[in-house]
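Welcome! Take a moment to look over the sequence and the 3D view, then try each exercise before reading its solution.

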Amino acid sequence: MSFDERKIADDKLPREFYTRDALTVAEDLLGKYLVSRKEEGRTAGMIVETEAYKGEEDPASHAFSGEKTERTKVQFEEGGRAYVYLIYGLYHCFNVVTGKEGEPGSVFVRALEPVQGEDIMRKRRGLKDKKSKKELTNGPGKLCMAMGINKKMSGKDLGGEELFVSRSEKEIEVKTAERINIDYAGEAKKWPWRFFVKGNPYVSETDRGSRTSPIPE
DNA sequence: CTCACGATTAGA
DNA sequence: CTAATCGTGAGA
C-alpha cells in the first residue's frame, strides 16, 4: 500500500461531520474520498457532485413530511450511515445519512473522480478498454457499480472498514444548481441543492439547472 | 393481494 | 428518444 492509500484509510471523517444539516454536509463532502474495500480489492474516488435531501420540508425527499418506511427508516437514524436503494429495478443509489437522530436527511452522491482501483472499476462496470475513464463514475448508478455498493450496505455505519469517507485537504471551488430528475417535487425542483466541483470533468451534468435565462411565462 | 412508478442508464 | 426491470409502498 502506498503512502497516499494508507493516509486515506486512516483518515475517516468523524461522526460530527455527518450529524450536521444536509446542505452543509453536501457541500463539505466535495473533495473528500469515498473508499470501498471488498474481496475484489480497494477502490476509491473523490466526491465531485452531491445533492442534499431533507426529510421534513423537502417534497423531493423519500422521507418527506416525516414519512418513515422500511426503505427510508435509516434516514431517521443518526448521521454517518449509508442509505442505499434500488432505482428503476436496475441501479443502486448511494446516500450519506445526515443530521441528528430523528431528523431525516441525506446527501445523494452523484459522481466521483476515480483515484484508486480503476482496473476493478472497469471490470465491475463491464466497460471496453476503449471507453472513456469518465464513464466509470460520472453518475449515481455508475459509481455504485464501480465501487461495488449494494443494498446490503444500507444502514451500515460509514465508520466501518468496508465503506467510508476519508478527509482530504484538497482545495475545491464549488458550484450549485438545481437537483436532477425530481420533476415530481413541484416547487422544490428549483431549489439549488445540487453541489459540484467547478470544472471537474467527472460531474454528471454541469449545465442542467443553471438559470441563465428566465423561464418564459 | 394487485399495481404504478422511480434521486438512472445504455443504446438506437 | 425509449426500453429495461423490480423493490417498494399504497390501497383494496
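Here are four short exercises, each with a worked solution, on a model that is predicted.

**Exercise 1. Describe the fold of chain A: how many helices and strands does chain A have, and what pattern do they follow?**

Step 1: Count the elements. Chain A has five helices and eight strands.

Step 2: Put them in sequence order. The pattern reads α-α-α-β-β-β-β-β-α-α-β-β-β.

Step 3: Look at burial and contacts. Chain A has 217 residues, of which 48% count as buried. Taking contacts between residues at least 6 apart in sequence, 62% join residues at least 24 apart.

Step 4: Turn to the surface. Chain A exposes about 11100 Å², and carbon and sulfur atoms supply 48% of that area.

**Exercise 2. Find the residues around DNA strand C, and work out which parts of the DNA strand they meet.**

Step 1: List the neighbours. They are Glu67, Thr69, Glu70, Arg71, Leu86, Tyr88, Gly89, Leu90 and Lys151.

Step 2: Sort them by class. This surface has three nonpolar, two polar and four charged residues.

Step 3: Check the DNA side. Of the atoms of DNA strand C within 4 Å of the protein, 73% belong to sugar or phosphate, and the rest belong to bases.

Step 4: Zoom in on single contacts. Thr69 places a polar side-chain atom 2.2 Å from a phosphate oxygen of DNA strand C. Arg71 has a backbone N or O atom 3.4 Å from a phosphate oxygen of this strand. For Lys151, a polar side-chain atom lies 3.2 Å from a sugar or linking oxygen of DNA strand C.

**Exercise 3. Is Arg194 buried or exposed, and what does its side chain reach?**

Step 1: Locate the residue. Arg194 is found in strand S8, which spans residues 194-197.

Step 2: Apply the cut-off. Buried means under 20% relative accessible area. Arg194 has 0% relative accessibility, so Arg194 counts as buried.

Step 3: Find the partner. The side chain of Arg194 reaches the backbone oxygen of Glu178 at 3.0 Å.

**Exercise 4. Classify two of the aromatic pairs in the structure.**

Step 1: Note the total. The structure holds four aromatic pairs.

Step 2: Take Tyr83 and Tyr85. Their ring centres are 5.4 Å apart and their planes stand at 35°, so this pair is tilted. Tyr83 is buried at 1% relative accessibility, and Tyr85 is buried at 9%.

Step 3: Take Trp191 and Trp193. Here the ring centres lie 5.0 Å apart with planes at 50°, so this pair is tilted. Trp191 counts as partly exposed at 28% relative accessibility, whereas Trp193 is buried with a relative accessible area of 13%.

Note on methods
Residues are numbered from 1 along each chain as its sequence is written. Chains are lettered from A and ligands numbered from 1 in the order in which they are written. This is a predicted model: local features need pLDDT of at least 70, side-chain atom pairs count only at pLDDT 80 or more; totals for chains, interfaces and linings use all residues. Side-chain values use heavy atoms; hydrogens and water are left out. Helices (H or I, at least four residues) and strands (E, at least two) are DSSP runs, numbered from the N terminus. Buried means under 20% relative accessible area, exposed over 50%, partly exposed in between (1.4 Å probe, protein chains only). Contact means heavy atoms within 4.5 Å. Accessible areas come from the Shrake-Rupley method with a 1.4 Å probe; for residues, only the protein chains shown count as cover. A residue is near a molecule or strand if one of its heavy atoms lies within 4 Å of it. A polar contact is a pair of N or O atoms within 3.5 Å; within protein, one must be able to donate a hydrogen and the other to accept it, and residues adjacent in sequence count only if both atoms are side-chain atoms. Ala, Val, Leu, Ile, Met, Phe, Trp, Tyr, Cys and Pro count as nonpolar, Asp, Glu, Lys and Arg as charged, and the others, Gly among them, as polar. Rings of Phe, Tyr and Trp (its six-membered ring) pair if their centres lie within 6.5 Å; planes under 30 degrees apart count as stacked, over 60 as edge-to-face and the rest as tilted.
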